[in-house]
Every structure is written in structure tokens, then in C-alpha cells.
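This briefing goes through one chain, from its overall make-up to its helices and then to a few single residues. Please keep the sequence and the structure in view while reading.

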Amino acid sequence: MDILVLKKNDTIKEMLSKLDEEVLEVIHAATAENEERVAEEVFDTIQVCIGILDKLERFGADIKGSLERHNKKLLERGWEYEKVIHINVVRGEAYEG
Ligand SMILES: [Mg+2]
């Protein structure tokens with residue numbers, strides 16, 4: 001599975017507004033009990049979050065470190081997991097779908 005990091009110049013405020021919109025679309029799709037639509041809207045939401053993380057990284061945030069601290073926090077809180085999704089950032093490579 002691949003997630004594209006889009007070239008965008010939106011402000012954080014614009015991205016948060018979009019995130020709000022996408023989360024509402026997830027809720028509406030879930031209310032309609034349409035699983036495929038819910039999945040599409042969840043991916044729209046993830047896409048916005050990826051954009052926010054990319055923006056924060058460009059501002060100097062240590063995204064890899066943040067993810068490591070996040071996972072550590074979950075494990076320390078006693079969460080168990082079934083799967084691990086590996087994220088491998090590839091820069092400047094043509095996406096072929
Ligand atoms: Mg949407």
C-alpha cells in the first residue's frame with residue numbers, strides 16, 4: 001500500500017479546516033452504514049493528516065521521533081497490537097499505482 005504525500009501549500013489552519021470536514025464525512029458515511037464509503041472518507045482523513053505531518057516536518061518537527069514516542073506511549077499504556085504497518089518514505093520517485 002502506498003500513501004501519496006501531495007505537493008500543497010495550504011496553511012495549517014486550512015488543513016485543520018479540511019480535517020474537520022473529512023472527519024464529519026466519516027461520521028456521515030458511518031451513519032449511512034456504507035463500509036466502502038467509510039473507508040474512502042477515513043483515507044481522505046488520513047491524507048489530510050499526512051499533509052499536516054509533512055508540513056510540520058518542513059517546519060522542522062521530528063516526525064519519525066514523534067511516531068516512535070507515540071508507539072512507546074501506547075505500549076506503556078498497555079495496548080496490545082495485531083499488526084504493524086511499515087511506513088517507508090520514498091522521495092522523488094514516480095508513483096506507478
Ligand atoms: Mg472526503
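Which residue takes a positive phi just after α2? The residue is G60, and its phi is about 110°. The model behind this value is a predicted one, and the points below are grouped by topic, beginning with the chain as a whole.

**The chain as a whole**

- The chain contains three helices and zero strands, and when the sequence is read along its length the pattern that emerges is α-α-α.
- Taken along the principal axes, the C-alpha atoms of the chain fill a box of roughly 40 × 40 × 30 Å.
- The chain has 97 residues, of which 3% count as buried.
- If one takes the contacts between residues at least 6 apart in sequence, 53% of them join residues that are at least 24 apart.

**Helix α1 and the loop that follows**

- The 20 residues of α1 should span 28 Å at 1.5 Å a residue, and because its end C-alpha atoms are 29 Å apart, the helix agrees with that expectation.
- Two residues of this helix can be looked at singly, namely I27, which is found in α1, and A30, which lies in α1 as well.
- I27 counts as exposed because it has 12 C-beta neighbours inside 10 Å, and the cut-off for an exposed residue is 12 or fewer.
- A30, with 14 C-beta neighbours inside 10 Å, therefore counts as partly exposed, a class that lies between the exposed limit of 12 or fewer and the buried limit of 20 or more.
- α1 is followed by E33, whose phi is positive, near 55°, and this residue has that positive phi although it is not a glycine.
- E33 is found in the loop between α1 and α2, where it counts as exposed because it has 8 C-beta neighbours inside 10 Å.

**Helix α2**

- Helix α2 covers residues 35–58, which makes 24 residues, and it reaches 34 Å from its first C-alpha to its last, close to the 34 Å expected at 1.5 Å a residue.
- The buried residues of α2 are E41, V48 and G51, and what covers them includes α1, residues 12–31.

**How α1 and α2 pack**

- The two helices α1 and α2 pack at an angle of about 165°, and their axes are 8 Å apart.
- Angles over 145 degrees count as roughly antiparallel, and α1 and α2 are therefore roughly antiparallel to each other.
- The crossing in which α1 passes α2 is left-handed.
- On the α1 side, the contact is made by I12, M15, K18, L19, E22, V23, E25, V26, A29 and A30.
- On the α2 side, the contact is made by R37, V38, E41, V42, D44, T45, V48, C49, G51, I52 and K55, a list that includes the buried residues E41, V48 and G51.
- By class, the contact of α1 with α2 has 12 nonpolar, two polar and seven charged residues.

**Helix α3 and the segment after it**

- Helix α3 has 14 residues and reaches 20 Å from its first C-alpha to its last, close to the 20 Å expected at 1.5 Å a residue.
- The number of buried residues among the 14 of α3 is zero, so this helix lies largely in the open.
- Just after α3, G78 takes a positive phi of about 95°.
- Y81 is found in the segment after α3, the helix of residues 63–76, and Y81 is exposed because 8 other C-beta atoms lie within 10 Å.

**Separations in sequence and in space**

- I27 and V42 are 15 residues apart in sequence, and their C-alpha atoms are 9.5 Å apart in space.
- A30 and L74 are 44 residues apart in sequence, with 26 Å in space from C-alpha to C-alpha.
- Y81 and E21 are 60 residues apart in sequence, and from C-alpha to C-alpha they are 29 Å apart in space.

Methods:
Residues are numbered from 1 along each chain as its sequence is written. This is a predicted model: local features need pLDDT of at least 70, side-chain atom pairs count only at pLDDT 80 or more; totals for chains, interfaces and linings use all residues. Helices (H or I, at least four residues) and strands (E, at least two) are DSSP runs, numbered from the N terminus. The expected span of a helix is 1.5 Å times one less than its number of residues. Two residues are in contact if their C-beta atoms, placed from the backbone, lie within 7 Å. Axes are lines fitted to C-alpha atoms, for helices over the stretch in contact, and angles run from 0 to 180 degrees between N-to-C directions. Angles under 35 degrees count as roughly parallel, over 145 as roughly antiparallel, 65 to 115 as roughly perpendicular and the rest as oblique. A crossing is left-handed if the near helix is turned anticlockwise from the far one by less than a right angle, and right-handed if clockwise. Ala, Val, Leu, Ile, Met, Phe, Trp, Tyr, Cys and Pro count as nonpolar, Asp, Glu, Lys and Arg as charged, and the others, Gly among them, as polar.
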